[in-house]
Structure formats: structure tokens, C-alpha cells
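The following paragraphs lead through selected features of one structure, beginning with a pair of helices, passing on to a sheet and ending with another pair of helices. Please keep the sequence and the model at hand while reading.

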Amino acid sequence: MPTELVAEVALRATLGPDRSPVLSYKVPPRLRGLVRPGQLVWAPLRRRRVQGVVLRLTPATAHDGGLRELADLADPEAALTPAGLRLAEWVAATYRAPLYEALALLLPPGVGQEAEPTWRATPAGLAANLGALPERERAVLFYLRGRGELSERELRRALRGSDTELRAVYASLFERGLLARGARVSAPRARPRVERLARLLVPAERLAEALAGLHRAPKQAAVVAWMAGQAWQGTGDRGPGTGDLPGVVGAVATQHAASRADPAERQGDGEWATGDATTGGGMVAHPLATIYTATGANASTLRELERRGLVALEAREVRRDPLAGDGVPPDQPPPLTPEQRRAFEAIVAALEQRRDDGVTTGAERLEGADRSTPSPCPTSSPPVFLLHGITGSGKTEVYLRTIARALRLGYQALVLVPEIALTAQLVRRFAARFPGQLAVLHSGLSLGERYDEWRRLRRGEARLAIGSRSAVFAPLPELGLLIVDEEHELTYKHDGSPRYQARDTALQLAALSGAVAVLGSATPSVESYYAASTGRYRLLEMAARVGGGLGADGLPRSRPLPLPPVRLVDMRRELQSGNRSIFSRPLQQALDAVLDRGEQALLFLNRRGAAAFVMCRDCGHVLGCGVCSGPMTVHYDEEDHQSLGDDRGLEAAGQPGMLAGRSSFLICHSCGARAAPPVVCPQCMSTRVRSFGVGTQRVAEEVAARFPRARVLRWDRDSASGKGAHSRMLDALLRREVDVLVGTQMIAKGLDLPLVSLVGVVAADTGLHLPDFRSGERAFQLLTQVAGRAGRHSEGAQVIIQTYNPEHYALQAAQEHDYSAFYSQEIAYRRTTGYPPFSRLARFVYAAGSEAAAHREATALAERLTVELQRRHLDGWGLIGPAPAFIQQARGRWRWHLILRMPADVPRAQFDTILDALGPLYGWSIDIDPAHVL
């Protein structure tokens, strides 16, 4: 007799602010051979069914007799890898998130379903006398009698009353036998795309006979004749007997045979027509949509032909390919420079050592392991490499070569990029090198595309995945190489629950899978470089910029290129000399020269919109959102400002402009609220309302006004919001349809733009003095990265940085492209202040409807944490705050925060013990290792 099994299941339900229930269920006999750890299942919970993920299976004992049984499997393909299960447990425990929320990150997109409770009238309810019932019960029963079975959600929308009142009515009617309870499972939001096809079953020698038998069904005859014409169109023969078909049927056959001239349906003489059809059994299967369009038939026509045995109806799954139509040509790898080769050989040596040591895949190594708690990283894990290469040093080519070796060794590979904007160019390079092996995962794809790519990876049909932050949860059972490009980027931090850091999660995944991890950046995070300098990571450095081109033999070659010189322009002196423009005189002269040479310029400003805020010059009132503490930002109406040469609007920073007569609007970048520009000040009724500051819209307009010959493209979140927008903008740049590119941080890193010979930073001080310990690091990284867009393929490029604070150490280091100088000063500051990497932080944020309530709760939690720390005599622990958050009000909620600082090597169990002692922290969000403290 087969052993009875008990499944521990993490359920899609909540139990406290940071927990989801894990319950045990018996596995029914019909599911014993199907249920495995990581499987998505349906399980009963009270009176409803919920989805859950099986964590582990154990033999049943005598104490398990009272357990309920699992209801069913959900999507059979929705199964997590063993490494994925362990990773989800680590994410949930590390970032204090409900376990199912972490597990859901690894499930196929769109498979989540809910079982909604429903009610219907019983036979007794249908026959009941409505007049004898109380008013509320009469209304519910009358509604259900007229509309059949409905969910509680549908009833709540149609009937007045709270959920509690309505459920009391349902219970009363149920107890008297007038209503019956049921359940309805919502449809999954994503499923395989299936295309219906029809295949002709009539052999050539029986075609005339079949058409003759359809002389009273001209539509059916037309379908058969058209399909026959498609099948034999390449042979020059319409089939035996078709030349003398009588009357209308013969004409139909001739008419549809003539349609073979359509090039979309024809492959050439002597070949079967394929087009978008499939072949099998010697005949061609055509999509029903194609048949309907060509013949005017409908579904009933095809069903009748199927009943007659003339046509077979079938279905096939169609992949939604995000790369369809790109037509990427094959890539010819250039020779490696000595620095590239050293980095490549070091990483490959670790990959081959992994193979020689017999390190199994995550699936094999974790199979059967106890998953009750997350385990530490295996001591035998391959090393983590920090690839520190300056901009243009050829890090991507190192990635490509190491991936190729990993695939040859039989492994899968994963590449993470921080921005969707970067995937367009990288995907093309990777698709050219690895055709047919690439899967793309990012939020810019449709749900169906992400679902199909997930399934290709889980099945092993795709060997390489590339994507943004969430791609770290891709199903890669044979992962051998994991690359995090631009590892320093703050966008790797997820700002919703679970608040995971994708870079750190990727390192944990590599440890669980036994994969080689590579962190790449021209400006590594301080934490990563410190880890490399202390020996935790292996440091690989590439200090020479590489240029491309063709040698005398016509083959790709590499040659050294200098970094572009960087000039800091003091905007205080520009203002003193009478230049009130947003462009300094050196930048204007450089733009003129670039346009004369037919090259491209890139202007960077990390603020979108037209102006930063609107202020009354009489009373100083700044127009705010009303529900957020930030000011409203001025944006131009895109439809009314296609011509960037219109100079009637807002003026530059320091030169307030009139809002009246301008086709513009105000928007809050925190909550998205919109408003019309004021004509008078709402505070003092003055008409002297002006805009201040500058954004990318204003910069683009100013360029077009000062340089009418320039073709200007703006690339920011507002202009690149549609699907495929990043690819279209990149294509326009590469086709030389753009002279000046204006953008935010989207264009500051990763892009390889061969014709950009000038980079201008319009305002380097944006974000430089924010109350955040990473503000200097962030400024240095952004400026160094954007400077690296210039001169990547030729000499003579330059970078101009406009600033009001040229003495700042981050700007001085960026001017010299000197990461070491920046790191030396920054690490000393971090050591003195005790910030990471010399500590770990946990940020607690509370939001309330009033400032007093937020202040009260923050103060109370600070007092409780202080007591806990003092009671345990913990050295190196401390609190910062409580204090109002930098963005004090967002979406009508007042925000206060406090920061718990811990030693860098604190065991997670110790931190968990302190938080558990505080009890449930309702209303609080906890951010472990925050990317910022604003």
C-alpha cells in the first residue's frame, strides 16, 4: 500500500502584518504521484478554497488523522525549483515579508486565482413567498431568483449594506434552506495562447468528388477549394479532376486557386505553402482566421466540414515572442584585449572548477533537503567576482564570452540589468550572439509574453535569461552563471513588499544554486568594493577603454581609447558675467561645434517636466499637491507642443516665467495628481505667480529654440511610457535621426551610442545635498556613468558639467574619472559615521492620516526599541530618530520614520528576536538594508 503523505503548504492568506499561514494537509491518493515540493495547489481554508505552494512532503503519522485533504492542483506547470523554494524562504525571512508573497515572486506571471464564495436560490427559495420575508432577505432572494448564481462581490455591488449585514442575511436564508452556497474560481490572467487550425483530409484523387458533393453548400465548397489550392499551389497542378469542375464549384475553385498569387500566402514554386500554417500528415494546417478572411466562412462552416470528414480541426500553442520582428543580424565577436582576457579566464576557471568539483545544480543539490528554515550559503559555493571596468572597457563582451562558455558546459545563465531602457540594446547584442536561446523578462512586456518566457525557461527551452529586477526569480533549474550589470544601481531595490534587494537576492540565489556570480560596474557600490577589498569578493579590474572597428583584413579589432576630458563649469561665475541661460557659454559653444561636425550630443538632467515648482513672488507661497508635501511640477501639454521652438513659456532657472497663456499643467510626481496652472496666488491673490527650476521638457525646448537646425529627442519616463518606446528611441539615435538627446537617468548608463561626442550635465547639483548618506555616492555614480556615454568609439569627445558647487569631492572625483579617490574619501566618511558597510540598517516608516498620530506612533516605537536594546545590552546597536520623513506627506498620509543601526555581522536570528519581542507592528513598513533613508 502506498505511503500516505502530508504536505506543508504556504497559503495565499494573511496572518499578521508579515506572515502567511503554513498548514498541513493530507495528499489524497489521486494526487500522490503529482504533488511535489514547489507545486501550486488548491487547499481548503475554513469554508473556502485558496491557492498555496507545497513546501515539503513527509510521511503521514498517526497524529495526522484529522487533517483535511488537498483539493486539487492549480496550473500543473506552476512548480518552483528546489532552489527557488529556498530563495523564497530567504527573501521572506530577510525582508520580513509574508512567505506566500515571496513565493508568488517565483510563480508564473498571471496564474494567481481566487475561489469566490457564491450564492444561489434553492428550489425552496424559488418557490418561497417573498412577501413573508423581512425586507433585506426579500431583496437578496428576489435578486438571486432573477439573476441566478452570483458571487458575494457581485451581490455587494448590486445591493446596499455592509459585508457584515449581507453575510448575516445569507446565513439566515441558508439556514432555512432558501439559499445554497457555492464557489467560483476566477480565471487566470495568463494562460497559453492557443491557435485553432483546420487541415484538409481530402486526398488529391478524391478532390473533384468531394467538391461535387458540396454543390448545395457553396461556402463549404469554397473552403475545400481554397485549402486544396493552397496545398498544391507550388506544383503547378490544381490536382486531378479540378480542371473540369462543373458550374459554380469550378468557378469557386478557380477563383481561390488564383489567390495563390498573394505573396503573403506563397513561398515559391515547387514548395508547400507554409506561411503561418503548420504541416503534418502530408497536408497543411491553416489558422481558422486565415480561412475566414480568404473564403468568408465561419465556425459553423468548418464544424460541418469536420462532421463530413473533409476537414480536421485542431489546435496548437503559439508562443508570444517579445523579440518577434526584430531581425537581429548575427554578431561577429571582436578579439579580447589583455584586460578582458584576464577577466574572462578568471570567471571561466571558476565555471570549470564548478564542473570539475561535481557541483550539482540547485535542483539536484537541494532535492530532499530540509526546508524548514533558510540555510546559510554553502561553503563550497563558487566565488563572487566584482568586475570593475571603466565605462567603455568592454564589460559586456566579457559577459557574452563567459555566457557562451557556461552554455557549452550545459548550464543556464541569468543577466540582470537595472532599467528597462537598458534591455533594448543589451537584448539585441545577446540575441545576435545566442539566437533562439534567449528569454526576456521585464515589466515592459505583456503578461502573456512574460508567462510564455517563464515557461520556456522552466522547461529548459531557453538557456539564457535577461531582464530587470524581478528576473532574479526566473525559473532556472540548471543555473551556472549569474551576472548583475550596473550592480550599484538603486533601482535593484524593490519599493513594495517584499522589499528585496535584487543584487543581494541574486548572490543568495547563486549560493543556493552553486552558480558563479559576477557583479559588474564602472562605479561599484561602496559596499561591494569594500567586500572586494576585504577579500569577500574577487576583484577584476579593467582600466582601459576599448574602441572598435575593422582591421585591414576586414575583421573586428579592438584599440585603446582615452576617456573624454571632463570640465566643471561654475554657474555662479556664469551668472555674475550676465549669462542667465540654462546653458553655460562653454556648453553652447560645444553644442555648436558638435552640430557642425554632424555628431550627436547628450544633455542630462535628472528631473523631468518643464519647471520644478511654482511660487508667488509676493508672498513666497509654493503651490503644493494638497495631499503630498512636495511641490507641483510644471509639465507642458505634449499635444500642443510638438514644435520645440515655441519660446512663449516658462523660462530658465533663476528667470521666473509667466504661466498665463501657456499650454501646460501641474502634476505631483508623488501621487500623480494634476491641476491647472494658477492665474493668481491662492494665498494672497497676487498675479505675480512664476515658475522656477528647469526640467527635461524645458531643456529640450531651449535647445530647439537656440539651435533651430538641431533634431531634438527627449528620453524620460514621460516620453518613453509606451511599449517598445525605448527600442524606437534607440533606433532613432542609431539611425542618426537625432542630433541632441535630452534625458534623465534612463540615458545615464549602459547605452552604447557611437556618435555621441558631447555630454552636457545641465545641473549636477540635483540630489547632491539630499539628507541621505548615499547622496554623494549617487551623484558621483550618475555623473561618471553619464560622462561615459561620450567618445565610446572615437577620440575628441568631451564632457561639460554645470554646477554651483564645483568644490564637492564627488564632482572633483567625477572630473578625473577617479573612482579610487572617491572611494577613499567616502569610505572614511562611512567609517566615521558608522553607516554601511560598517553597519546594517533597518528603516521603520509609519504613515497616518494626521501628523500627530504619526508622531505619536513613531515616538512609542522608538521608546520600545530603546528598552529592548538596553535590556539586552547590545553593543554597536542604536537608533536614529524618530523624525519626519524627507517626503513628509504622501497621498494624504503623514510619514514619520526611525532607523535601527546594527553591526554589519549581526546574526539575523538576533534581529528577528528583537522584532518578535515587539509584537505585530500594524501600520508599520519595515525596510531592511534600505537603498535610501528619505
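At what angle do helix α12 and helix α14 pack, and how far apart are their axes? In this predicted model, helix α12 (residues 338–356) and helix α14 (residues 395–408) pack at an angle of about 25°, and their axes are 10 Å apart. Since angles under 35 degrees count as roughly parallel, α12 and α14 are therefore roughly parallel to each other, and their crossing is right-handed. On the side of α12 the contact is made by Q340, A343, F344, I347, V348, L351 and E352, while α14 contributes E397, V398, R401, T402, R405 and A406. Sorted by class, the residues of this contact of α12 with α14 comprise 7 nonpolar, 2 polar and 4 charged ones.

Turning to the sheet, one finds 6 strands that form an open arrangement with parallel pairing, in the order β22-β33-β32-β23-β31-β30. Its edge strands are β22 (566–570) and β30 (712–715), each of which pairs on one side only, and neighbouring strands of this sheet are turned by 20° against each other on average, with direction ignored. Within the sheet, strand β23 (residues 600–604) and strand β32 (residues 756–761) run parallel and are joined by 5 bridges; L603 stands opposite G760 in β32.

Which helices lie across β32? Helix α20 (residues 585–597) lies across β22, β23, β31 (740–743), β32 and β33 (798–803), running at about 160° to β32, and helix α23 (residues 775–787) lies across β22, β23, β32 and β33, running at about 155° to β32. Helix α23 also holds Q785, a residue that is buried, with a relative accessible area of 2%. Leaving aside residues up to four places away in sequence, Q785 touches T391, E486, H488, S521, A522, T523, A748, K749 and G750.

The last pair consists of helix α26 (residues 851–872) and helix α27 (residues 908–918), whose axes come within 10 Å and cross at roughly 130°. With this angle, α26 and α27 are therefore oblique to each other, and their crossing is right-handed. The contact involves L861, R864, L865, E868, L869 and R872 of α26, together with T913, I914, A917 and L918 of α27, and the residues of this contact of α26 with α27 divide into 6 nonpolar, 1 polar and 3 charged.

Conventions. Residues are numbered from 1 along each chain as its sequence is written. This is a predicted model: local features need pLDDT of at least 70, side-chain atom pairs count only at pLDDT 80 or more; totals for chains, interfaces and linings use all residues. Side-chain values use heavy atoms; hydrogens and water are left out. Two strands pair if DSSP finds at least two bridges between them. Helices (H or I, at least four residues) and strands (E, at least two) are DSSP runs, numbered from the N terminus. Axes are lines fitted to C-alpha atoms, for helices over the stretch in contact, and angles run from 0 to 180 degrees between N-to-C directions. Contact means heavy atoms within 4.5 Å. Angles under 35 degrees count as roughly parallel, over 145 as roughly antiparallel, 65 to 115 as roughly perpendicular and the rest as oblique. A crossing is left-handed if the near helix is turned anticlockwise from the far one by less than a right angle, and right-handed if clockwise. Ala, Val, Leu, Ile, Met, Phe, Trp, Tyr, Cys and Pro count as nonpolar, Asp, Glu, Lys and Arg as charged, and the others, Gly among them, as polar. Buried means under 20% relative accessible area, exposed over 50%, partly exposed in between (1.4 Å probe, protein chains only).
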